[in-house]
Structure formats: structure tokens, C-alpha cells
Amino acid sequence: MNTPAPGIDGLAEEILRDVGGAENIESLTHCATRLRFQLHDGGKVDQAALDALDGVMGTVPQSGDRFQIVIGGAVANVHAKIINLPSMSRSGAARPQSDAEVKAAVRAKSRGRFAWLDNFFEYLSDSFRPLLGVLLGASLIIAIASVLDALGVVDFRAEDKSATWVFVDAMWRSVLYFLPIMVAYNAAKKLQIDPWVGATVMAAVMTPNFTGMLNPDSGIPGVTCSTNATLGTQQCVADVFGLPLQLNDYGGQVFVPLLMAALLALVYKGLQRVFPENIQLVFVPFFSMLITIPVTAFLVGPLGVWAGNGIGEGLAWLNGNAPLVFAIFIPLLYPFLVPLGLHWPLNALMLQNINTIGYDFIQGPMGAWNFACFGATAGVLLLSIRHREPLMRQTATGALAAGLFGGISEPSLYGIHLRFKRIYPRMLVGCLVGGVIVGVLGGVDTEVFAFTSVLTIPVFSPVGVYLIAITAAFVTAMVLVYFSDYRTREERAQANAERDAAEAAARGGATGTDTDTDTDTDTHRETAAADDRELVTVGAAYAEATADATGPATGTASGAPTGIASGAPAAANSIALRAPVAGRVTGLDTVEDPVFSSRALGEGVGIEPADGRIVAPVDGELITVADTGHAFGIRTPHGVEVLIHIGIDTVQMQGEGFDVHVAPGRRVSSGDLLAEVDLDAVRAANHPTVTLMTVLNTADLAAVEPHTGQDVTAGDLVVTVRR
């Protein structure tokens, strides 16, 4: 086992050696808790040796020869020591770069001929990922209704359902029908424009005023309707401003809001360059709506619908002239139609087939796609169990349940598959296998419109062919994903590092709170702790790093937790940490930063701020004040070490938008103003604004109890610390 030299100097030397030496460092920066290396060759890093160092809380390898080392509160001192080592000066690698410069350089290196594809998938994923919860909720409602339908309790597909079941339908249809508005909001937000303008533009073509014109009996002058002979759908045209406007029901459409948001971003940002900043709030949304709503109604919307209808008519021709090709083509096409919402017109064609010829030929081959999709999710679930990834296990379990019992693929797609591009090729092989079986064995039909779940297998004919096809598709995709992994090698290494850091922190906390007095058990625990160098706490490193400037922590008696005053009265064993900012309190599990969500930096809370006024959450001494103003470290008189971190990756902003009111070494009282933050500037820079507060030396304390799920004002209780 690696034994580090004593003190910060020794730690700096060991880190430099284990990352491959000074000659391997292209640039080195740090944020409030992490050293961020851009290396010439990431393969030279000895990660095991780094994880074994006292003072290193965890390591996070990243793509592009980037590497992060989690230090905690002592990070600035360690960074300074590394920069000032003689070998760094000789290598010429000590020129500091901002995180923004480093990341921009890495992005520039990674840009190739397929960069547009990466951006496209990222746009899709970020437009849908926030909707995962409501999609899962709607899917589970459908699953319950499908079970009751299979048991004969209710006819889920009947048109004359009771008011009770009409209401149940509304509970899940609300999500699917208004999905375009939700997608428009997220897509606009992704493109860094006002998301409410995006939602408003899409909502304009979904109001009762607009959809009411689709009724030929509405009596509205200037509206004429006809029927599409192939799809059996009604088409209406209105005379608006003397121009023909094709009317469509955009409920459930996804492709249209994605196109609209891209157009809106061009208009919105162009108007921002035209109007002075002090009047943009009024005129930029106004002209954006005035321009984009008509363009969406007249051009973007009909284009999306025409594309879907064209696909439907082409499929009808293909099934009639080349049924084997059709059976293979459908499951291979659906994985690309569903994310764009272009599969919805096919639902109309399915219903039309049932109404006119008495059966449908699309749903059978489509089942191969659905079950290949669910099989890929099952492979991810098995891997998450194997690699001990609780968050992915929860996501995959919910998505798989929604798929198998509800026939809904969106949770799998938007929650998992679009985030990891390695899944799609493997899933397509499962689609191909299932489609070939359907085509070779003569096709599969159904007389009803059914969700393709395990509960609706009996409605397909011949049921044996259908069962063989969907089983083969499911197993093929699951096996391929499981044995080749859905993550790249770099992503797997990073995920494993985050997992190990989280488990180490949890084990460290358990060790710090164990009160077992059995001598043999204590001896075994101490021996295990000595052998497992990952179970380090930040308290000792933090105190050591700041001892020269602040003096030793109080009460550091041998055998007692660092910084905790021995013999403190029982009444003083609880410390209240107040909200540093007003807003909504959430748990760390929801934070989009693996170091915080894994609790490698201790237990705590996240607060989605309602304003930019950041105050001290507790009485104590300011040990750390980041130059960029995005992070503050406070140590209480009893040695509790508190980190306040404003936003995610806001170190990149280099202090822009952060007005700091304090300096290191100052004593503050709870409620004292630390900084004022321009939250709009943070959002404009595309950074999450969530403000994090963690207890760095959680492992040294009896308990750290977050109080989440509440709206608070600055100064309200959000964490209770028990010493």
C-alpha cells in the first residue's frame, strides 16, 4: 500500500508523481473541492495509488485525458503546493488556465465530422430528460388500466366508458397530449432562450380556439374540411389573413416543437441583438411570439404533420407489395420515429386499418421494436445491479416496468437510451431479429388497437409467432447490452469512481457513528480502516491545511473527532444549519454533479434559489472564500466544517455575476451576507443555479440530518448536525 509523505507538501508530491509527473500535465486548475487536470496522456495516471492517499477523497477519470481529484476544503493549498513544486517550474507546465479555457480546448479537440450528431442527441436528450418523472407516472397509470383490462374489469379501449374511466384516461392523456408544450419549454431552455416563450408558441396552436376550427360543424367562416383516403383522417384548411392555413391537432406531436424551438432560438437571439437590454423584457418576447406563432402555424406545424402522413402512406404501400420487407422495416424504423414524435400518425393508420379491413398489420412488427427497447433497458438494469449503481437501477426498473406492463417506450428512450449512444446499435440488432422472425413466419395481425406489453400478447395472431418474435428481440438486445456495456470505457471508469467514492463516504460515516463497545469488533474495525485508505475524512486534511493560518482546531484530543470539543454539554450536541438562500430544498440525490450526489463531500442539501442573496448558514470562521465567489467554507466553533457552493461548474464564470462581501479569516454570524449572485447571468451561462450546502466532516459526526422537500426563506432550518 502506498504511504504518503506527511503534510500538504508530501501530498502534493505524491499527487504529482501519481498523475505521471509534471511533464504529463498540460494544465491544472481547481474549484472549491477538486483538482482538475488536463493531461497529455491519461493512461499514465496511477488511480489506485491516488485513491490510497490520505487527503484524497476520491478520483474521477474523464474523457479527453481529463482527470479530477477530490480534495475537499484543502484544495487551494494543495493546488498551490503542486504549482510551486520545483519539478513543475522546470517542466514549464505551471501556467494556470481557467476551467473555461481547459474545457473549451477539450471540446475543440473532440469536434470531428460527427460533432453535429453529438449535439443533436444532446438536444433531444435535454428536451425530454426533465419529463421522465411525468412520463413514468402516466405510463404506470396506463399499466394499471391495462392490467384491469386484461382481467376483464373494464374495457380499456371502449368508446362508451363511464365518467370514472374517462377521468382516469385524462390522468395519463394530459401528459401525452400536452407533451408538445413541455418539450417546447425544455428545448427552448436548452437553446438558452426564455422557455416560457417556447411553451407559449406551441400552446397557441393547441388552444380550444385553434382546435375548434377542426370541427367542420363549428360554423366558423372560411374553414373547409376533407378526408385523407389512405389514412382516413380529416384535413381542414382555414382562410387566415387571406392565406390558406392547414389545421392540425398537434396533441402528442414532438417533432413540431423541436423544429419550432430551433427556429425560435434564431429569432429570439436575433432580437436580443437588435433591442437594448433595458427594453428586451418587453419587446423580445413580443416580437418572438408575433413572428414565430404564425410561422409555426403556417409552415413548421404542417411540415411535421406532412412528414408523418407521408410515412404512413408509404408504409401502407410497402405492406401490400413487400410484406417481408415491411416486417423488417417497421421495427428498424420505429427507434428513429418515436424520439421525434413521427410515430403518432401511424397510430391513426392502425385505427383506420381496424375500422376498414378489420385488422391491423403494423402493431405486430412494431412489437419487435418495443420489446427490443425493453430488452436493452433490462440489460442496463442488470449492469446497474452488477456495478452497484442505485440511481440507474431505479431509473431502469421504473422504465422496464412501464414498458413491460404499459407498453410505453418513452421512459426507456428519454431516461436511458438517448443518453448512452452505445445502446442504439445493440437495440437495433434486437429489432432486426424480431422483425425477421415476424416476416419469415408470415406476419402478425391484431383486431384491436393495443399497447404492445406483456399484458396484451393474447390479442395478436398468431400468438405463437408474436411471442417467439418479441422474446427473441428482447433477449438479443438484453444480452448485447449486458455483455458489451452501455457505457464507453471512460464512462465506466468514471461511474465506478463515483460509486466507490459514494460507498467510501457511506462506510466512513458508518465507522464514525458506530458505538459498538465489543473489543474484538472494534479491533477488527480499526484494522479494516487502516487497510482501506479510501475511508478518509476531509476533517483532518481540512484542519491540517488551514492550521498555519487559523491555528489548531479546538478539542482535537486523541480518539475524538477532529474539531469537536470534548466534554461539551449534552444540550450543545445539536447544531442547526440555516438556509443560505431562499428557495426549494432538495436532497443531494437530485444534484447533477456526481461528487456532490455521491456525498463524497459529505451529507447536505441543495436549494434551488429564489433570489441571489447568499448568507452565512451558521456562526463560524470563513476558512475558504473562492476568488470566483462561487464557494465558501465555514468552520464553526465546535469544528463542524460547512461548504456553501453556488451553482454547478460556476467556477467557469470566473467571478462574473458574483459580488462577494466577505474575505477569508473573517468571523461571521448566521445571516451575515456572503455574496450577491446574478442568477440570470448563471442561467445565461448555461449552469444550474442550485446552491449546495454540505458538511465536509460528516464522517466525524454522529449524524447529519437534511430537511428536504420544503420551501424556505434564508435563515430557516435545513440541516441538523448532531456531534
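In the predicted model, G442 adopts a positive phi of about 100° just after helix α19. Helix α19 covers residues 423-440, and its 18 residues reach 26 Å from the first C-alpha to the last, close to the 26 Å expected at 1.5 Å a residue. The buried residues of α19 are I423, Y424, R426, M427, G430, C431, G434, G435, I437, V438 and G439. Helix α12, residues 255-274, has 20 residues and reaches 29 Å between its terminal C-alpha atoms, close to the expected 28 Å. Buried positions in α12 include F255, V256, P257, L258, M260, A261 and L264; A265, V267, Y268, G270 and L271 are also buried.

Most residues other than glycine have a negative phi, and most peptide bonds are trans. Two non-glycine residues with positive phi are described here, Q654 and N686. Q654 has a phi of about 55° and is placed in the loop between β16 (641-646) and β17 (658-660). With a relative accessibility of 47%, Q654 is partly exposed. For N686 the phi is about 65°, and the residue sits in the loop between α25 (679-684) and β20 (691-695). N686 is likewise partly exposed, its relative accessible area being 41%. A cis peptide bond, with omega of about -5°, joins S461 and P462. P462 belongs to the loop between β9 (460-461) and α20 (463-484).

The count of salt bridges comes to twelve. One of them joins the side chains of D649 and R36, with an N to O distance of 3.4 Å. D649 lies in the loop between β16 and β17 and R36 in strand β2, so this pair ties together parts that are 613 residues apart in sequence. The two partners differ in exposure class: D649 is partly exposed at 22% relative accessibility, whereas R36 is buried at 8%.

R599 takes part in a salt bridge with D589, the closest N and O atoms lying 2.9 Å apart. This pair links R599, in the loop between α24 (594-597) and β12 (604-609), with D589, in the loop between β11 (583-586) and α24, ten residues apart. R599 also meets E603 in a salt bridge, at 3.0 Å from N to O. Relative accessibility is 23% for R599, which counts as partly exposed, and 46% for D589, also partly exposed. E603 is buried, with a relative accessible area of 17%. Elsewhere, E389, D485, R487 and R492 are linked in a network of salt bridges.

On the surface, D41, D65, E490 and E491 gather in a patch of negative charge. D41 is located in the loop between β2 (34-39) and α2 (47-51). Its relative accessible area of 34% makes D41 partly exposed. A nonpolar surface patch of about 650 Å² is made by I279, L281, V282, F283, F286, L290 and I291. I291 is found in helix α13, residues 280-321, and is partly exposed at 37% relative accessibility.

V677 is part of strand β19, residues 673-677. This residue is buried, with a relative accessible area of 10%. The C-alpha atom of V677 is separated by 6.2 Å from that of D659, a residue 18 positions away along the chain.

Terms used
Residues are numbered from 1 along each chain as its sequence is written. This is a predicted model: local features need pLDDT of at least 70, side-chain atom pairs count only at pLDDT 80 or more; totals for chains, interfaces and linings use all residues. Side-chain values use heavy atoms; hydrogens and water are left out. Patches are made of residues with over 30% relative accessible area and no salt bridge: like charges are joined within 9 Å, nonpolar side chains (Val, Leu, Ile, Met, Phe, Trp, Tyr) within 5 Å. Accessible areas come from the Shrake-Rupley method with a 1.4 Å probe; for residues, only the protein chains shown count as cover. A salt bridge is a side-chain nitrogen of Lys or Arg within 4 Å of a carboxyl oxygen of Asp or Glu. Lys and Arg count as positive and Asp and Glu as negative; His and the chain ends are not counted. The place of a charge is taken as NZ of Lys, CZ of Arg, CG of Asp or CD of Glu. Helices (H or I, at least four residues) and strands (E, at least two) are DSSP runs, numbered from the N terminus. Buried means under 20% relative accessible area, exposed over 50%, partly exposed in between (1.4 Å probe, protein chains only). The expected span of a helix is 1.5 Å times one less than its number of residues.
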